[in-house]
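Me: I have a model open on my screen and would like to talk it through with you. Could we take it a question at a time?

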Amino acid sequence: MNGRTSRRGLLFGTAAVSAGAFLAACTSNEPKDQGPAADSGPAADDKPGKHVTIGFAGPQADHGWLNAINDNAENRAKKYSDVSLEITEGSNDTAQQIGQIETLINKKVDVLVVLPADGKALTQVGLKAMRAGIPVINLDRIFNSAQAYRCWIGGDNYGMGLNAGHYIGEKLKDKPDAKVVELAGLDNLELTKQRTQGFDDALRNYPNIRKVARQAAEFTVETGQAKMAQLLQAQPDFDALWNHDDDQGVGALRAIEQAGRDGFLMVGGAGALSAFQAIKKDDGVLKATVLYPPTMAASAIDLARALGQGKGVGGLAEFEIPASITLYSAVVDKDNVDQYMPTGFR
């Protein structure tokens, strides 16, 4: 399912440079020689500094993307000799997660990284941490008060839809009366509305393209398969499909195979390893996926470390880390899939 309601702020990152690589060069803003950039991990000239204990609290890893969030945070922290990570057992129960965060506050960790199960419900504990002098990196699902965090970092749901729409639009721009369908996520989530809005806004740039159908699944393999089967039955002919989520896309691909359908292109969402592998193999309908990168958790660790050491971000003139970072939703297709393959989540 990946991130829920997210905030669109400063745009850092491109299709070629991950935010993790960008933020790894956290620095005291002193000029440095510009050597070759590393593809991943801390920058070679990023010397150990003051020790920082980071508390990390997230929801239960009941989805491939959420499991990748935890892995990215843990693996990033291990790269730093001056970082200790106190990680809680993930929970979707807001009261339990609040209790876990309060435990981290009582332990007097230096910085907190929090991906709340529910941003609104956990706002008060974010405020409590900030008032206790523990700065908070709010990861993806945003608190409903800017006073509850020092920095927010997350994905761009609207940008996912926008980039998916433009990718499909460019592929079909020369086809008269092209038809597209959409397999969305949970309609009661703001993120789903944002993704659909971005998709619709992009398609308005292509007058030859019509969206003829939309079904909402629930970010699971089972609902992806069921809702895709309904779309296929109702739409005997279309040229492209955008599926909001690669996990439910596994089910969608099953339905497509069972129906014996082809002759259209499919674009996924999030960046699952299975999607990358299918794109690389290039023997089916799935031709691209739009990222909602779980590497944001690694970048959150970079930001927390910089904050704990009183540093800014390499490449920026300011002495402080930004207040808000929105990650770019890159499109991954056969031309660049090898670059992103190591970031795919299971």
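Me: Glad to have company on this one. How many aromatic pairs does a search of the whole structure find?
Reply: A word first on the ground rules: this is a predicted model, where local features need pLDDT of at least 70, side-chain atom pairs count only at pLDDT 80 or more, and totals for chains, interfaces and linings use all residues. Residues are numbered from 1 along each chain as its sequence is written, and side-chain values use heavy atoms, with hydrogens and water left out. Rings of Phe, Tyr and Trp (its six-membered ring) pair if their centres lie within 6.5 Å. By that rule, the number of aromatic pairs found in the whole structure is three.

Me: How are the rings of Phe199 and Trp242 set, stacked or tilted?
Reply: Planes under 30 degrees apart count as stacked, over 60 as edge-to-face and the rest as tilted. The ring centres of Phe199 and Trp242 are 5.2 Å apart and the planes meet at 35°, so this pair is tilted.

Me: How many residues apart are Phe199 and Trp242?
Reply: Helices (H or I, at least four residues) and strands (E, at least two) are DSSP runs, numbered from the N terminus. Phe199 belongs to helix α6 (residues 190-203) and Trp242 to strand β9, so the pair links distant parts of the chain. Both residues are buried, meaning under 20% relative accessible area, while exposed is over 50% and partly exposed in between (1.4 Å probe, protein chains only). Along the chain, Phe199 and Trp242 are separated by 43 residues.

Me: And Phe238 with Phe264: how far apart in sequence are the parts that this pair ties together?
Reply: The centres of these two rings are 4.6 Å apart with planes at 45°, so this pair is tilted. Phe238 is buried, and Phe264 is too. Phe238 sits in the loop between α7 (221-234) and β9, and Phe264 in the loop between α8 and β10, so the parts tied together are apart in sequence by 26 residues.

Me: Which residue in β10 is the bridge partner of Trp242?
Reply: Two strands pair if DSSP finds at least two bridges between them. Strand β9 (residues 240-243) and β10 run parallel and share three bridges. Within β10, the partner of Trp242 is Val267.

Me: Which handedness does the crossover from β9 to β10 have, left or right?
Reply: A crossover is right-handed if, with the strands pointing away from the viewer, the path from the first strand over the helix to the second runs clockwise. Strand β10 (residues 265-270) has six of its six residues buried. The chain reaches β10 from β9 through helix α8 (residues 246-259), and this β-α-β crossover is right-handed.

Me: What stands opposite Val267 on the β11 side?
Reply: β10 also pairs with strand β11 (residues 286-291), in the parallel sense and over five bridges. The chain travels from β10 to β11 through helix α9 (residues 273-281) in a right-handed β-α-β crossover. In β11, the residue opposite Val267 is Ala288.

Me: Which element gives the largest share of the lining of the second largest pocket?
Reply: On a 1 Å grid over the protein atoms alone, a pocket is an open set of points where a 1.4 Å probe fits, with protein on both sides within 12 Å along at least five of seven lines, and lining residues have an atom within 4 Å of a point. The second largest pocket holds about 420 Å³ of space, and of its 20 lining residues the closest to the centre are Leu253, Arg254, Glu257, Ala278 and Leu286. Two or more lining residues come from each of α8, β10 and α9. The largest share, seven residues, comes from α8.

Me: Is Lys108 buried or exposed?
Reply: Lys108 is in the loop between α3 (94-106) and β4 (111-114). Its phi is positive, about 60°, although it is not a glycine. With 65% relative accessibility, Lys108 counts as exposed.

Me: Last one: which residue in β6 stands opposite Asn138?
Reply: Strand β5 (residues 136-139) is covered on both faces, with Val136 and Asn138 buried on one side and Ile137 and Leu139 on the other. Three bridges join β5 in parallel to strand β6 (residues 151-154). Opposite Asn138 in β6 is Trp152.

Conventions: Points joined across faces, edges and corners; volume = space filled by probe spheres on them.
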